[in-house]
Structures are given as C-alpha cells and as structure tokens.
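Please open the structure in your viewer and keep the selection tool at hand, since each stop on this tour begins with something to select.

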Amino acid sequence: MAKVVLVTGVSRYLGGLYARRLSADPSIERILGVDVVPPKHSIGRAEFVRADIRNPMIGRIMAQAAVDTVVHMNVIATPKDTGGRVTQKEINVIGTMQLLAACQKSESVTRLVVKSSAAVYGSSPRDPAMFSEDMNPKTLPRTGFGKDSVEVEGYVRGFSRRRPDVEITMLRFANVVGPSIHTAITDYFSLPVVPVPLGFDARFQFVHENDATAAMILATTGPAVGIVNVAGDGFLTVTQCTAIARRPILPLPLAAAGVIGNVVKRSGLADFSSDQLTFLAFGRGLDTHRMRSVFGFEPHYSTRAAFEDYASHLRPAVPGVEGVGDVVSDAAGGTAAAIARVFDRIQP
C-alpha cells in the first residue's frame, strides 16, 4: 500500500493533474513532487521539491522521506518543451537512469510506476492490426520520444531484474488528448491547415487526459500488473479527426510531408519528427484486453469522445468562418481521390 509517494514531472500539466487527484486519497500520507522548475499550477497537498532527476541527489531525497512508491511521469514527449532535443534526451534517458539507480539503492522503495507510451511499438505498414503487450515492434522508433521511450523501458526491465522485490507497473498510453493538455498530436490537429500523407488514412486511438490520470492513480494504489496498454475504445482515422476538429486538410506525398513537417516545426506551431510523420501515415492499434481483465481499468471516454472533447475547445481554423474546414477538406479529399483513381488505372 502506497504511503509516501514521490512523483517526477509535477511542473508539467499531466504531472500536476496527477498530484492534485492523488491528494484527494486519504490513504496517501505524503506526496513529494519533484521537478527542476516550480509548477505554475496547483499540485494539491504535494510538497514541491526542486531537484533534477539527472542528479544523484534524488537518492538522498528518497532516503530522507522514506519514499515507498516512485511515480515517474517525467518522460518528455516534445523537445520544444525542454529547449531542444539534446536536453529532452538527457531528461528522458539520463534522468531515468539516475532515478532507477536511486530506487535500486533505496531500502524503502517497494513500488515503481512508469508512464510510458505506445510509441515504443513504432509504426510501419507491416504492423499487426493490434499490438498486445508481449509483441515487439516491426520497426523500432529511430528518433525522438519513441526512441527515448524504448530506452526508458529497457532500463526499467533491467531494474526489475536487479530488484525483483520492487513491484512495477508500466502504462503504455495511446496519444493523450483533452481540453488542456498540449502534445505533438494536439498541436498537429490544431494547425490552421492540416497536412496529411496522400493516399493514407491512418487509424488512431486516443486516451483522455482525465482517463490517463485515473489510470496512473490506479497504478499507484492498486495491484502491480507489469506492462499494460491504455487506450479508449474504438478508432478514428486522420480524415475523421480533421473533420471533427473542423480543419481543412492538405494532402501531400509522404516524401514531401517531411519537408512540410520541418517547416511547421521551425515555425513553432507544432513539433514533428520523422517517426511522427510515419505514424500519421500508418497509425497504430492497441489491444486493451489486459487493461480491463488484469489492470481492472475502464476508460470513461472512448477514442471518439476524447477527441471530440479536445476538438470542442479548439479555435476555428479561420475566425468567423465556421464551415471552412468542411469545404476545403471536401475539395482536398476529392482531389486526393481523383489522383488515387489515376494511379489505379495505370497500375498493371
């Protein structure tokens, strides 16, 4: 039973939301919220500790507070939130290494909860329809957050071998969306015009920010269950998402999408890596049977409901023109379909 909980990444939105929700649990005696900068939002009754998980000092904090549960939420998805890719990788990989080294030395830590990502499965045309937790990716992520998540999970598995007495739960979340959270995928669908790979209509799963937080709370206070996929029911395709978000689309050949992605990235409107662009083409499916049967978690929001809640808080693509997204998307979709028909005719 968790009594003294240390949470990393409380200055980020999801970490702060988790700390506030955990504060409502009277069985938790003490919560320590760790980050390098003070949070701008409330973290409930959690005590903020200004510390860098890349520094061995984190071990002394654990020892002094007799921490029994460590919740690692500081695996950062977008480099623009940290000042660049180098810093992002240091926090994600080096920070996790130092945190796990401190956990390994600790005599009081009995549980580790890690917020991971379905990005560890990668995305490719050879993928299965649904990834279960025991499956390996067909193509490993090569850059960015996905690659970091693979390394983080590798260090966690190594830690579990060295400390088999510590209970571990690692949640692989589908893309988290909601009215307040900002991620690469929410930035993408908030663009005034959304570039989409021509000839592809990838399917996505989403998890609402409130469900993601609830799952992390259950992982902290419930039984340890190892690795679990977490996603809302159902799927949405790229074109369905843009229709719900009322955004016009710009179909582009996949090769050209990388160029557009770099332009958008440099503009600061959204953060793209090559793996994210591949994800937009091929998508990903998660098997959530274990989430229900073993973890005992049922998301409140389906994939569609989660995305609709996010989209309902978006500003119009063009202020004052409510229907522009539908008109331009229909025109672009017709153009894409026409091009596809031409290719079909010339194929042997």
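Begin by selecting strand β4 (residues 69-72) together with β5, and you will find that the two pair in the parallel sense over four bridges. Within this pairing, Val71 has Val113 in β5 as its bridge partner. Please keep in mind throughout the tour that what you are looking at is a predicted model.

Now keep β5 (residues 111-117) selected and add strand β6 (residues 167-173), because a parallel pairing of seven bridges joins these two strands. Val113, which you have already met as the partner of Val71, stands opposite Thr169 in β6. Arg111, in turn, has Glu167 in β6 as its bridge partner.

How many of the seven residues of β5 are buried? Seven of the seven are, so the strand is largely enclosed by the rest of the structure. If you show the side chains, you can see that Arg111, Val113, Lys115 and Ser117 point one way from β5, while Leu112, Val114 and Ser116 point the other way, and all of these residues are buried.

Next, widen the selection to the whole sheet, an open one in which seven parallel strands follow the order β3-β2-β1-β4-β5-β6-β11. Its edge strands are β3 (47-50) and β11 (226-230), each of which pairs on one side only. As you go from one strand to the next, the twist averages 20 degrees.

Within that sheet, select strand β1 (residues 4-8) and β2, which run parallel and are joined by five bridges. Here Thr8 stands opposite Val34 in β2. Strand β2 (residues 30-35) has five of its six residues buried, so this strand too is largely enclosed by the rest of the structure.

Leave the sheet for a moment and select Tyr121, which you will find in the loop between β5 and α4 (144-162). Is Tyr121 buried or exposed? Its relative accessibility is 1%, and because buried means under 20%, Tyr121 counts as buried. Leaving aside residues up to four places away in sequence, the residues that Tyr121 touches include Phe131, Met135, Pro137, Arg172, Asn229, Arg284 and Leu286. Arg284 is worth selecting together with Tyr121, since the two lie 163 residues apart along the chain, and yet their C-alpha atoms are separated by 8.2 Å.

Continue with helix α11 (residues 303-311), where Thr303, Ala306, Phe307, Asp309, Tyr310 and Ala311 are buried. To see what covers these buried residues, add the neighbouring elements to your selection, among them β7 (175-177), α5 (184-189), β9 (203-204), β10 (206-208), β12 (236-237) and α7 (238-245).

The next stop is the second largest pocket, which holds about 250 Å³ of space. Of the 14 residues that line this pocket, select His182, Thr186, Asp187, Ser190 and Leu314, which lie nearest its centre. Sorted by class, the lining consists of seven nonpolar, six polar and one charged residues.

Finally, clear every selection and look at the protein as a whole, which contains 12 helices and 13 strands. Of its 348 residues, 51% are buried. When contacts between residues at least 6 apart in sequence are considered, 79% of them join residues at least 24 apart.

Technical notes
Residues numbered from 1 in each chain as written. Predicted model: local features only at pLDDT ≥ 70, side-chain atom pairs only at ≥ 80, totals over all residues. Heavy atoms only, no water. Pairing = 2+ DSSP bridges. Axes fitted to C-alpha atoms, helices over the stretch in contact; angles between N-to-C directions. 1 Å grid on protein atoms, 1.4 Å probe; cavity = no way out; pocket = protein on both sides within 12 Å on 5 of 7 lines; lining within 4 Å. Points joined across faces, edges and corners; volume = space filled by probe spheres on them. Nonpolar A, V, L, I, M, F, W, Y, C, P; charged D, E, K, R; others polar. Buried < 20%, exposed > 50% of the residue type's maximum accessible area, 1.4 Å probe, protein only. Contact = heavy atoms within 4.5 Å.
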